[in-house]
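User: Please take a close look at one strand pairing in the model below, then place it within the rest of the fold. A connected account is preferred to a list.

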Amino acid sequence: MNDPQKSDLSIRAMKSANKPEGSGAESMERRGGTKGNTEETHTRRAQDRASVTTGLDRVRARAKERKEEKFTTLLHHVDTDLLRRAYFQLKRKAAPGVDRVTWQAYGEQLEANLADLHERVHRGAYRAPPSRRVYIEKEDGRKRPLGISSLEDKLLQRTVIEVLNAIYEVDFLGFSYGFRPGRSQHDALDALAYAITTRKVNFILDLDVERFFDKINHGWLIEFLKHRIADRRVLRLIGKWLKAGVMEDAVLVATEEGTPQGGSASPFLANAYLHYCFDLWADRWRRREASGQVTIVRFADDIVCGFEHEADAKRFLEQLRERMGKFSLSLHPEKTRLIEFGRFAAEHRAARGENKPETFNFLGFTHIAGKSRAGRFQLKRKTRRDRLRRKVDAVRHELKRRMHDPIVQQGQYLGQVVRGFIQYHGVPGNFRRVSAFRNEVVKLWKHVLTRRSQKDKTTWERMVILAGHWLPPARILHPWPDARFLVKHPRWEPSALIRPARIYAGGAG
């Protein structure tokens, strides 16, 4: 196996964009609030509220100072304090793995169990058990395989990844948002919206990496990690997780490629893989080869690129296909699309006698090139119709199961569902979809109540009272993307609207 191109792997720091008069938004962004992550690492408390000190601050500082240094001793940071904290961060009601050990059962003798796990890990006697395979339905009707790790595997993976994050949060680029401390899906959505509305974005390249988590090449992944990790014990642990296999219908299935979705280590390993095979390459490409502005936003394997020139977009896509092929990946031929989109797309298409600009989906929202009431360009984001339909169907199915539960329990359940939907989908311009979901929930609830008994006479007047008591009202919770984005990334430009703005950060990823 050949080493990745050195020129790709040597790029560690974000630089100015390829055009001095207007840098790409993502290129100006600070890397994920490293300082804040450092403070969070040693100030978060376990249940006994004792301060947890891990020594990761020194690792983070050294990684920041020496971009090319390989860390030879990392496993000693995996101590019982970090393991204990990882235990209390796990979900209490999470499904057990193949060992059927629950969070509550493991905690009955927590200190003894953690000491035993710590001893086995540092002695090299730890054996990674296979994951338990389950399937969830995707929006296209297919089944997505998930691997449920054993409880010890979960907390050990979480602990090791926390150590590795101290290094890689310094290395990961600004336009990478998925599964990183201090970064959320709405941060990625804000970055994309800000770039489309303020930068020279005339074309959108919507990329879909086909079966990414299933196609990650183990050999390349280990080679990538070796650029920063020289502790053989840590690399051996990661190798064990990759080769542990999955248990399906009492049959052990070997895993020669891919990372099981559902494991604590899988998101980090996926980010590391794409960092080397996509992020560094794409960052270099837009600075050295693009003739216009290029902006990139990546959330795990969900990637959207904005281009000023169509020719740049086509060349980028052609070279990216070749690049991905080198690392056992491929772009989905049907889901990968290049569309005309942006502030002037509707005007240009109308002049050519063409229809309105196409839409694209990103992180559960359909992005539409629309207009405000004043007639100006406005990026509109609406909940995807298929996602809305699937959520309504899921509520319908669950209400049937809870048909004879007391109204109080039904109301508590539906309140949680509606509240969660509003918290994610309550973005400006999406009120109708949020309100439509709440209305559908009320209709489903009334249907279930009236079917509990032939004598039931639940009226709409009563449903209004029940819904008003148990369900939160439809509302917009999130600010406009530019407002939140500029608060998190203040800049010197006048458009920042923050005075004085002392930190030059900017940047939609």
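Which residue in β2 does V134 stand opposite?

Analyst: V134 stands opposite L146, a residue of β2. The model is a predicted one, and every value below is computed from it.

The strands behind this pairing are β1 and β2. Strand β2 covers residues 143-148, and six bridges join it to β1 in the antiparallel sense. β1, residues 131-137, also pairs with strand β4, residues 246-248, but here the sense is parallel and there are two bridges. In that second pairing, S131 has V246 of β4 as its bridge partner. β1 thus takes part in an antiparallel pairing with β2 and a parallel one with β4.

For the wider setting, the protein contains 19 helices and eleven strands. Of its 509 residues, 52% are buried. Among contacts with a separation of 6 or more, 72% are between residues 24 or more positions apart. The exposed surface is about 24,700 Å², with 49% of it supplied by carbon and sulfur atoms.

Two open sheets are described next. One has four strands in the order β6-β7-β3-β8, paired antiparallel. Its edges are β6 (294-299) and β8 (337-340), each of which pairs on one side only. From one strand to the next, the twist averages 15°. Within this sheet, β3 (residues 203-208) and β7 (residues 302-307) run antiparallel and are joined by six bridges. F203 has F307 as its bridge partner in β7.

The other sheet has three strands, ordered β9-β10-β11, again with antiparallel pairing. Its edge strands are β9 and β11 (377-383), and each has a single partner strand, so one side of each lacks a neighbour in the sheet. Here the twist averages 40° from one strand to the next. Three bridges connect β9 with β10, residues 365-371, and F360 stands opposite H367 in β10.

Helix α8 is involved with strands of both sheets. This helix, residues 185-198, lies across β3, β6 and β7 and runs at about 165° to β6. α8 also lies across β9, β10 and β11, at about 155° to β11. A further helix, α13 (residues 310-326), lies across β3, β7 and β8, running at about 15° to β3.

Aromatic side chains add further links; the structure holds 23 aromatic pairs. One of them joins F179 and F299: the ring centres are 5.6 Å apart and the planes meet at 50°, so this pair is tilted. F179 sits in the loop between α7 (151-171) and α8, while F299 belongs to strand β6, and the two are 120 residues apart. F179 has 47% relative accessibility and counts as partly exposed, whereas F299, at 10%, is buried. W281 and F316 also form a tilted pair, with centres 5.2 Å apart and planes at 40°. W281 lies in helix α12 (residues 266-288) and F316 in α13, so this pair ties together parts that are 35 residues apart in sequence. Both partners are buried: W281 has 6% relative accessibility and F316 has 0%. Separately, F212, F213, W220, F224, Y273, Y276 and F327 make up one aromatic cluster.

The last residue to place is E358, in the loop between α14 (345-351) and β9 (360-362). With 41% relative accessibility, E358 counts as partly exposed. Leaving aside residues up to four places away in sequence, E358 touches R337, I339, E340 and F341. One of these contacts is polar: the side chain of E358 meets the side chain of R337 at 3.2 Å. The range given for β8, 337-340, begins at the number of that partner. The C-alpha atoms of E358 and A345 are 9.5 Å apart, with their positions 13 residues apart in sequence.

To return to the starting point, V134 faces L146 of β2, within a strand pair that runs antiparallel over six bridges.

Note on methods: Residues numbered from 1 in each chain as written. Predicted model: local features only at pLDDT ≥ 70, side-chain atom pairs only at ≥ 80, totals over all residues. Heavy atoms only, no water. Buried < 20%, exposed > 50% of the residue type's maximum accessible area, 1.4 Å probe, protein only. Contact = heavy atoms within 4.5 Å. Polar contact = N/O pair within 3.5 Å; in protein donor to acceptor, adjacent residues only side chain to side chain. Areas by Shrake-Rupley, 256 points an atom, 1.4 Å probe, with all protein chains shown as cover. Pairing = 2+ DSSP bridges. Axes fitted to C-alpha atoms, helices over the stretch in contact; angles between N-to-C directions. Phe/Tyr/Trp six-rings, centres within 6.5 Å; stacked < 30°, edge-to-face > 60°.
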